[in-house]
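Biologist: I'm new to this one, and I'd like to learn how to read it. Could you walk me through it?

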Amino acid sequence: MKRKIFVFGRGFLGNYVVNEFKKYGDDVYSSRLMNCSKDDFKIDIRDKNSIFDVLEKIKPDIIINCVAITDLDFLEDNPEIGFEINSEGSKNIAFASKKYGAKLIHISTDSIFDGKKGMYEENDSVNPINVYAKTKLLAEKYVMQETTNYLILRTNFIGYDSEHKNLLNWMISKLSKQKTIIGFNDVFFTPIEVSYLSSLIYKLSLIEENLFLNLSSDKKISKYDLAIMICDLFSFDKKLVKKGSSTDISFKANRPKDTSLSNQQAKKLLNKNFLSLNDSLKKIKSKF
């Protein structure tokens, strides 16, 4: 049955999600605040009426919230903006999803953990150590408070970004120009490729129950490991990747050292093994 899907935040992830749901024949609508195309609604999620005006006309079956300011250091200096958009904006979307009877799929982050343990499961204790993480954790709480029909996904994704703002684009751009990059060998995560993530979001949208899930790759890697993987995949010179520590950089925002996630619950629910990060990147290599 054809469904009506509304995607808030047609940015890096949001654009992939829009295309994934369209592929299966759903009617998909999307919004941005800036740089809107003719196909996007201009919505400021800080303004409830801005949300209501559009959803009143569409009355979607599923709402997917991909909106977030993710610049950690910017948010340390401007916490009010982070809480207005990442937290209060998500609260408005959650309220609207209940008002219009839509299921809400909310995209969260691995950053809500302090990084002292790694391979976090869904029921592990959270402890955000920077403003960004605090805004995203508050958003999760608002989702559970404001609506009773939701899917909260904690994740960390990489992949081809048409706007060239993603970590992977940056690495490939530097290495292809024979420029040296620093790969942190003390920062670990379980990134998932963005187009594959979008396919999992679609599959999970078909499940009725409320869920709280990690979506990630199977094995944790360091930022250095990722850079070496890219060198192997694109035949770049590995000598261009220098090992470094995150403590060598004077970041304004604290960075957790190990936010790797366990995806066992999601794999059990979907009854499938996940495509490895390396195999996912092989599939999208031609885009770069």
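We go from the whole chain to the sheet, and then to the aromatic rings.

Modeller: Before we start, keep in mind that this is a predicted model.

Biologist: Got it. How many helices and strands are there in the protein chain?

Modeller: The protein chain has ten helices and 13 strands. Along its principal axes, the C-alpha trace spans about 55 × 40 × 40 Å.

Biologist: What does the radius of gyration say about a chain of 288 residues?

Modeller: You set the value beside what a compact globule would have. For 288 residues that would be near 19 Å, and the protein chain has 19 Å, so the two agree. As for burial, 55% of the 288 residues count as buried. You can also look at contacts: taking those with a separation of 6 or more, 77% are between residues 24 or more positions apart.

Biologist: Now the sheet. In what order do its seven strands come?

Modeller: Read across the open sheet and you get β3-β2-β1-β4-β5-β6-β11, with parallel pairing. The edges are β3 (40-42) and β11 (211-215); each has a single partner strand, so one side of each is left without a neighbour in the sheet. From one strand to the next, the twist averages 20 degrees.

Biologist: How many bridges join β1 to β4?

Modeller: Four bridges join β1 (residues 4-8) to β4 (residues 62-65), and the two strands run parallel. You can follow the pairing residue by residue: F6 has I63 of β4 as its bridge partner, and F8 stands opposite N65 in β4. Then move on to β5, which runs parallel to β4 and is joined to β4 by four bridges. There, I64 has I105 of β5 as its bridge partner.

Biologist: And which way do the side chains of β4 point?

Modeller: I62 and I64 point one way, while I63 and N65 point the other way. All four of these β4 residues are buried.

Biologist: Which strands does helix α2 touch where it packs on the sheet?

Modeller: Helix α2 (residues 48-58) touches β1, β2 (27-32), β3 and β4, and its direction makes about 165 degrees with that of β1. Helix α7 (residues 194-205) packs on the sheet too, touching β4, β5 (103-109), β6 (150-155) and β11. The direction of α7 makes about 160 degrees with that of β11.

Biologist: Let's turn to the rings. What describes a pair of aromatic rings?

Modeller: Two things: the distance of the centres and the angle of the planes. There are 14 aromatic pairs in the structure. One of them is F12 with Y16, an edge-to-face pair at 6.1 Å centre to centre, with 80 degrees between the planes.

Biologist: Where do F12 and Y16 lie?

Modeller: Both are in helix α1 (residues 12-23), four residues apart, which is about one turn of the helix.

Biologist: Why do F12 and Y16 count as buried?

Modeller: The cut-off for buried is under 20% relative accessible area. F12 counts as buried because its relative accessibility is 18%, and Y16 counts as buried because its value is 14%.

Biologist: Could you show me another pair?

Modeller: Try F234 and F288, which are edge-to-face at 5.8 Å centre to centre, with 90 degrees between the planes. F234 lies in helix α8 (residues 223-234) and F288 in the segment after α10 (277-284), so this pair ties together parts that are 54 residues apart in sequence. F234 is buried, with a relative accessible area of 17%, whereas F288 is partly exposed at 31%. Ring pairs also link F234 and F288 with Y160 and F236 into a cluster.

Biologist: What else is F234 in contact with, leaving aside its neighbours within four places in sequence?

Modeller: Besides F288, the contacts of F234 are I172 and K285. K285 lies over the face of F234, at 5.6 Å from the ring centre. Elsewhere, K99 lies over the face of F52, at 5.3 Å from the ring centre.

Biologist: And how far apart are F234 and A139 in space?

Modeller: They are 38 Å apart, C-alpha to C-alpha, with their positions 95 residues apart in sequence.

Conventions
Residues numbered from 1 in each chain as written. Predicted model: local features only at pLDDT ≥ 70, side-chain atom pairs only at ≥ 80, totals over all residues. Heavy atoms only, no water. Phe/Tyr/Trp six-rings, centres within 6.5 Å; stacked < 30°, edge-to-face > 60°. Buried < 20%, exposed > 50% of the residue type's maximum accessible area, 1.4 Å probe, protein only. Lys NZ or Arg CZ within 6 Å of the ring centre and 35° of its normal. Pairing = 2+ DSSP bridges. Axes fitted to C-alpha atoms, helices over the stretch in contact; angles between N-to-C directions. Contact = heavy atoms within 4.5 Å. Rg over C-alpha atoms; globule rule 2.2 N^0.38 Å.
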